[in-house]
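Colleague: I would like a close look at a single part of this model. Please take one feature and follow it outwards into its surroundings.

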Amino acid sequence: MPAVESNMFPLGEKAPSFELVNVINGQTVRLEDVKSDIATVIMFICNHCPFVKHVQEELVRLANDYQSKGVSFIAINSNDVEKYPDDSPEKMKEVAEQLGYPFPYLFDETQEVAKAYQAACTPDFYIFDGELKCVYRGQLDDSRPGNGIPVTGSSIRSALDALLLGKPVPKEQKPSIGCSIKWKEK
């Protein structure tokens with residue numbers, strides 16, 4: 001399967017609002033209710049993609065390292081579950097519980113949220129500041145399945161560290177690379 005790059009959502013643009021169900025506990029989550037006054041990380045992920053599987057443990061470490069500093073994390077799966085049953089809400093809950101996801105794992109059944117964020121691949125990462133303006137979009141780090149580079153989350157960590165120090169996030173950002181979002185056929 002060919003790898004797809006991020007569309008690179010415009011820096012400075014406001015995070016589109018959403019209201020989705022958290023498959024872990026069945027509760028509805030609104031962006032405005034879980035956003036942080038410091039930084040909010042939104043991740044488009046899924047269960048079946050080898051690029052996501054490659055970084056899942058780092059996503060847990062990253063959230064555990066930064067949630068205590070006031071950063072909010074939200075994961076969203078927008079894949080077509082009819083064609084990709086491993087990404088169903090039931091399987092999402094299993095993966096989240098197995099890996100101990102410390103963040104909500106939301107199901108975007110209509111795919112409207114992925115479209116609003118111009119998400120293209122899994123994983124696809126976005127960081128918004130306290131005003132929900134985009135300051136980062138792109139890769140977790142330079143690691144990819146099979147390239148031998150360790151998974152560290154360095155790109156996201158650098159952006160979050162800059163925000164926490166009140167410094168600007170560097171504008172030079174690399175796109176994420178992963179499996180394409182599995183869009184429903186119309």
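How many cavities of 30 Å³ or more does a search of the whole structure find? Please start there, then describe what surrounds that part.

Modeller: This is a predicted model. The search of the whole structure finds one cavity of 30 Å³ or more. Its volume is about 80 Å³. Rolling a probe the size of a water molecule over the atoms shows where empty space is left.

Take the lining next. The cavity is lined by 13 residues. Nearest its centre lie Val-55, Pro-123, Ser-143, Arg-144 and Ile-177. By type, the lining divides into seven nonpolar, four polar and two charged residues. Helix α2 gives the largest share, three residues.

Start with Pro-123. Pro-123 sits in the loop between β7 and β8 (124-129). The peptide bond from Thr-122 to Pro-123 is cis, with omega near 0 degrees. Thr-122 also has a bridge partner in β10, Cys-179. Cys-121 has its own partner in β10, Ser-180. Strand β7 (residues 121-122) and β10 thus pair in the antiparallel sense over two bridges.

Now Ile-177. In β10, Ile-177 is the bridge partner of Glu-5. Strand β1 (residues 4-5) and strand β10 (residues 177-180) pair in the antiparallel sense, again over two bridges. The outcome is an open sheet of three strands, in the order β1-β10-β7, with antiparallel pairing. The edge strands are β1 and β7, and each pairs on one side only. Helix α2 packs on this sheet and touches β7 and β10. The direction of α2 makes about 130 degrees with that of β10.

One backbone detail belongs to the loop after β1. Met-8 lies in the loop between β1 and β2 (19-22). Phi of Met-8 is near 60 degrees, a positive value in a residue other than glycine.

On to the other sheet. An open sheet of seven strands has the order β3-β2-β6-β5-β4-β8-β9, with mixed pairing. Strands β3 (28-30) and β9 (134-138) stand at the edges with a single partner strand each, so one side of each is left without a neighbour in the sheet. The twist averages 30 degrees from one strand to the next. Within this sheet, strand β4 (residues 39-44) and β8 pair in the antiparallel sense over six bridges. One of the partnerships joins Ala-39 to Asp-129 in β8.

Two helices lie across this sheet. Helix α2 lies across β4, β5 (71-77) and β8, running at about 150 degrees to β5. Helix α5 lies across β4, β5, β8 and β9, running at about 0 degrees to β8.

Those helices also meet each other. The axes of helix α2 (residues 50-67) and helix α5 (residues 154-164) come within 12 Å and cross at roughly 10 degrees. Angles under 35 degrees count as roughly parallel. Helices α2 and α5 are therefore roughly parallel to each other. From α2, the contact uses Glu-58, Arg-61, Leu-62, Asp-65 and Tyr-66. From α5, Ile-156, Arg-157, Leu-160, Asp-161 and Leu-164 take part. The residues of this contact divide into five nonpolar, no polar and five charged.

To return to the cavity: α2 supplies three residues of its lining. Helix α2 also packs on the three-stranded sheet, lies across β4, β5 and β8, and meets α5.

Notes:
Residues are numbered from 1 along each chain as its sequence is written. This is a predicted model: local features need pLDDT of at least 70, side-chain atom pairs count only at pLDDT 80 or more; totals for chains, interfaces and linings use all residues. Side-chain values use heavy atoms; hydrogens and water are left out. Axes are lines fitted to C-alpha atoms, for helices over the stretch in contact, and angles run from 0 to 180 degrees between N-to-C directions. Helices (H or I, at least four residues) and strands (E, at least two) are DSSP runs, numbered from the N terminus. Angles under 35 degrees count as roughly parallel, over 145 as roughly antiparallel, 65 to 115 as roughly perpendicular and the rest as oblique. Contact means heavy atoms within 4.5 Å. Ala, Val, Leu, Ile, Met, Phe, Trp, Tyr, Cys and Pro count as nonpolar, Asp, Glu, Lys and Arg as charged, and the others, Gly among them, as polar. Two strands pair if DSSP finds at least two bridges between them. On a 1 Å grid over the protein atoms alone, a cavity is a set of points where a 1.4 Å probe fits but cannot get out, and a pocket is an open set with protein on both sides within 12 Å along at least five of seven lines; lining residues have an atom within 4 Å of a point. Grid points are joined across faces, edges and corners, and a volume is the space filled by probe spheres set on the points.
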